[in-house]
Amino acid sequence: MVGANVNGKPNYLAVGAISVVHNHPTVMMVSLTKTHYTSKGIIENETFSINIPSVSQVIETDYCGIATGKTTDKSEIFTTFYGELESAPMIEECPITCECKLIDSTKVKYCIAFFGEVCQLYSNDQNFDISHINPMLLSLGEYRSITQSESLGRCYKIGWNYEGARRKGIKPKFLEKEEFQVVGVEDVGKEINRNHREFWIKLRDLGEKVQNRDASHTLEIHMYTKELSEKGENRFILGNELSKVENIPEGLVHITIPTQKYAMFTQIGNYDNFMATVQYVFGEWFPDNKKYERVPLAPDFVWYDARYNPRSDKSEFDWYIPIQEKSSSI
Ligand SMILES: Cc1cc2nc3c(=O)[nH]c(=O)nc-3n(C[C@H](O)[C@H](O)[C@H](O)COP(=O)(O)O)c2cc1C
């Protein structure tokens, strides 16, 4: 992991493109995408740190390679200390760290190769015994240790567990919502191919023509059938609730969602973190829950209201998942 101070706070990112380029003095090269938050800090302070993680830091390391300092404060993930240079944040939990003074840099396509002279090396093992340090290795997209053959986790994936662990504190609200009517724009297909912005614009343009709609919130509904699920697809409707159904304008569809009990999870913060919530809810919350299970194929939906602001870290929206008591718990 490479560290730099950005806007007065430590920021760390995962780096595979790293090499020794000179001995006596030792000069290291790290190649970072120009637009990374950390790159900004290295240019500003002309210092950076290199932190070699041990196998016990696999989740945190990968998380630093998934989340960007532009939207996520990564300064609290580790304990930071500073050395001689005073502006290169280093990670206390890493078995080997060093602080580097920037001596040169060169642009290579979308990256900047930063050359740093190592000023001071810090290690919790004075003998640099590799079996003791147990560094984490990266090979073909998998994190590995030098002592065991099995993978410690997949890169760009295992780090989501960090968010998941933080989400352990999240508790859903349980509520029943009476049957309701929605009018909105529709799409059937794979979530990954969907341009959500396009549907928001379409709803904004067509929605004005809808009578009796409640514009205080917008619902993003996901509907499923066995056939669609087998293809990895769903039916998506972005729309508004109606107090009374009358004259549905062309280009919009009307659906009725029956009375249902839900577990409602509130997502706070940047939308990018929502995938971690999804992973936590289906990977841990439901499997660990002794009482409730998701109602197979019933629609779930996201509720956006005035709290939602995609540009703010304080943004909030609610995710409603249909639940029923597990048959074994009744
Ligand atoms: C295992 C791994 C290795 C990575 N190697 C590099 C790298 O060598 N150079 C780079 O620019 N980004 C690399 N990344 C991506 C950055 O770590 C990632 O985009 C990070 O979120 C950027 O953080 P920042 O915007 O806070 O600086 C890597 C990510 C992972 C998971």
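Let us start at one residue: K261 sits in strand β18, which covers residues 260-268. The model you are looking at is predicted, and K261 is a friendly place to enter it. Is K261 buried, exposed or something in between? K261 counts as partly exposed, because 15 other C-beta atoms lie within 10 Å, while a buried residue would need 20 or more and an exposed one 12 or fewer. Leaving aside residues up to four places away in sequence, K261 touches F174, E176, I323 and Q324. You can also look across to Y320: this residue is 59 residues away from K261 along the chain, yet their C-alpha atoms are separated by 9.1 Å.

Those contacts lead us to the strands beside β18. Strand β13, made of residues 173-177, runs antiparallel to β18 and is joined to it by five bridges. Within this pair, F174 has A263 of β18 as its bridge partner. Strand β21, residues 316-325, also pairs with β18 in the antiparallel sense, here over seven bridges. To find one of the bridge pairs by eye, look for I268 and its partner E316 in β21.

Now step back to the whole chain. How many helices and strands does the chain hold? There are seven helices and 21 strands. Along the principal axes, the C-alpha atoms fill a box of roughly 80 × 50 × 30 Å. The chain has 330 residues, and 30% of them are buried. Among contacts between residues at least 6 apart in sequence, 68% join residues at least 24 apart. The chain is divided into domain 1, residues 2-158, and domain 2, residues 173-329. The C-alpha centres of domain 1 and domain 2 lie 40 Å apart.

Let us move on to another sheet. Seven strands form an open sheet with antiparallel pairing, and if you walk across it you meet them in the order β2-β1-β5-β8-β9-β4-β3. Why do β2 and β3 have one side without a neighbour in the sheet? Strands β2 (9-13) and β3 (18-22) stand at the edges and each has a single partner strand, so one side of each is left free of a neighbour in the sheet. Neighbouring strands of this sheet are turned by 40° against each other on average, direction ignored.

At the β3 edge, the pairing is with β4, residues 27-33, in the antiparallel sense and over four bridges. Here V20 stands opposite M28 of β4. As a general point to keep in mind when following a strand, side chains in a regular strand alternate between the two faces of the sheet.

Helix α1, residues 37-45, lies across several of these strands: β1 (2-6), β2, β4, β5 (47-52), β8 (96-108) and β9 (111-123). The helix runs at about 70° to β1.

Our last stop is the ligand. Which residues are closest to the ligand? In a surrounding set of 22 residues, the closest are A17, T38, G65, T68 and G69. The elements giving two or more residues to this shell are β2, β4 and α1. Strand β4 provides the largest share, three residues. By class, the shell around the ligand has 11 nonpolar, nine polar and two charged residues. So β4 turns up twice on this tour: as the partner of β3 and as a contributor to the ligand shell.

Definitions and conventions:
Residues numbered from 1 in each chain as written. Pairing = 2+ DSSP bridges. Axes fitted to C-alpha atoms, helices over the stretch in contact; angles between N-to-C directions. Contact = placed C-beta atoms within 7 Å. Near = placed C-beta within 6 Å. Nonpolar A, V, L, I, M, F, W, Y, C, P; charged D, E, K, R; others polar. Domains from an automatic or database assignment.
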